[in-house]
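Please look through the structure shown below before reading on, and keep it in view while following the text.

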Amino acid sequence: MGELRPGTFTRLFAEIDREAQLKARRVLTATALAVERQAKINASVGAHKRGTKTPASPGTGPAVISGTLRRALSHSPVTFTGKGWETKVGTAVGFTPPYGRTPANKYGFYLETGLKNGATYPFLKPAADFGMRIVAPQLYRAAFRVGWPHA
């Protein structure tokens with residue numbers, strides 16, 4: 001084996017880092033999409049007309065009234081912050097049901113944290129938990145061929 005030229009290690013580690021960053025971004029994007037998809041499923045526990053009793057039970061996700069909450073669920077673009085890749089999954093602003101004045105992002109927050117009567121209908125936190133416990137480790141292992149670092 002011959003002598004390494006100056007800069008060889010720098011170039012190799014830069015290539016390794018670039019490939020790892022691309023893989024990390026793909027894993028995070030796929031995780032965000034999975035969390036968003038699961039949140040939409042969780043926010044669809046039955047359906048009912050506005051003003052009628054919900055078929056959903058407290059502690060489960062909410063039932064669909066107009067579908068506005070489910071349509072509002074989205075994720076932000078995956079961006080590099082300097083500390084790593086970041087995205088946010090949740091209810092987007094600008095969605096209001098046809099029958100009310102409370103925007104979906106506020107209504108979603110109330111469902112997650114508790115309505116006036118104290119009942120909660122969580123849909124986003126269970127989806128995030130599913131994403132971090134099930135989806136992310138599988139995607140991470142597939143991308144990096146090693147164990148999930150937060151096991």
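The paragraphs that follow go from the pocket to the surface, and then to the charged pairs and two long-range separations.

The coordinates belong to a predicted model, and the values given here were computed from it. A convenient place to begin is the largest pocket, which holds about 600 Å³ of space. Its lining is made by 26 residues, and those closest to the centre of the pocket are Arg50, Ile65, Tyr99, Tyr107 and Leu111. Two elements, helix 2 (68–72) and helix 3 (104–113), each give two or more residues to this lining, and the largest share, four residues, comes from helix 3. When the lining residues of the largest pocket are divided by character, 14 are nonpolar, nine are polar and three are charged.

From the pocket we can turn to the surface, where Leu4, Phe9, Leu12, Phe13 and Ile16 make a nonpolar patch of about 510 Å². One of these residues, phenylalanine 9, has its place in helix 1, which covers residues 8–42. Is phenylalanine 9 buried or exposed? Phenylalanine 9 counts as exposed because its relative accessibility is 52%, and the class of exposed residues begins over 50%.

The charged side chains come next, and the structure holds four salt bridges, of which three are described here. In one of them the side chains of arginine 26 and glutamate 19 meet, with a distance of 3.9 Å from N to O, which lies within the 4 Å that the definition of a salt bridge allows. Arginine 26 has a relative accessibility of 48% and therefore counts as partly exposed, while glutamate 19, with a relative accessible area of 38%, is likewise partly exposed.

Another salt bridge joins glutamate 36 to lysine 40, and here the closest N and O atoms are 3.4 Å apart. Both residues of this pair lie in helix 1, where glutamate 36 and lysine 40 are four residues apart, about one turn of the helix. Which class of exposure does each partner fall into? Glutamate 36 is buried, because its relative accessible area is 12% and the buried class takes in values under 20%, whereas lysine 40, with a relative accessible area of 27%, is partly exposed.

A further salt bridge is found in helix 4 (residues 124–144), where aspartate 129 and lysine 125 are four residues apart, about one turn of the helix. The side chains of aspartate 129 and lysine 125 meet at 3.0 Å, from N to O, and aspartate 129 is partly exposed, with a relative accessible area of 31%.

Two separations between residues that are distant in sequence can be followed last. Glutamate 36, found in helix 1, is 87 residues from phenylalanine 123 in sequence, and the C-alpha atoms of glutamate 36 and phenylalanine 123 are 10 Å apart in space. For the other separation the reader can return to helix 3, in which glutamate 112 has its place. Glutamate 112 is partly exposed, since its relative accessible area is 21%, and the boundary for the buried class is under 20%. Along the chain, glutamate 112 and serine 44 are 68 residues apart, and their C-alpha atoms are separated by 14 Å.

Conventions:
Residues are numbered from 1 along each chain as its sequence is written. This is a predicted model: local features need pLDDT of at least 70, side-chain atom pairs count only at pLDDT 80 or more; totals for chains, interfaces and linings use all residues. Side-chain values use heavy atoms; hydrogens and water are left out. On a 1 Å grid over the protein atoms alone, a cavity is a set of points where a 1.4 Å probe fits but cannot get out, and a pocket is an open set with protein on both sides within 12 Å along at least five of seven lines; lining residues have an atom within 4 Å of a point. Grid points are joined across faces, edges and corners, and a volume is the space filled by probe spheres set on the points. Ala, Val, Leu, Ile, Met, Phe, Trp, Tyr, Cys and Pro count as nonpolar, Asp, Glu, Lys and Arg as charged, and the others, Gly among them, as polar. Patches are made of residues with over 30% relative accessible area and no salt bridge: like charges are joined within 9 Å, nonpolar side chains (Val, Leu, Ile, Met, Phe, Trp, Tyr) within 5 Å. Accessible areas come from the Shrake-Rupley method with a 1.4 Å probe; for residues, only the protein chains shown count as cover. Buried means under 20% relative accessible area, exposed over 50%, partly exposed in between (1.4 Å probe, protein chains only).
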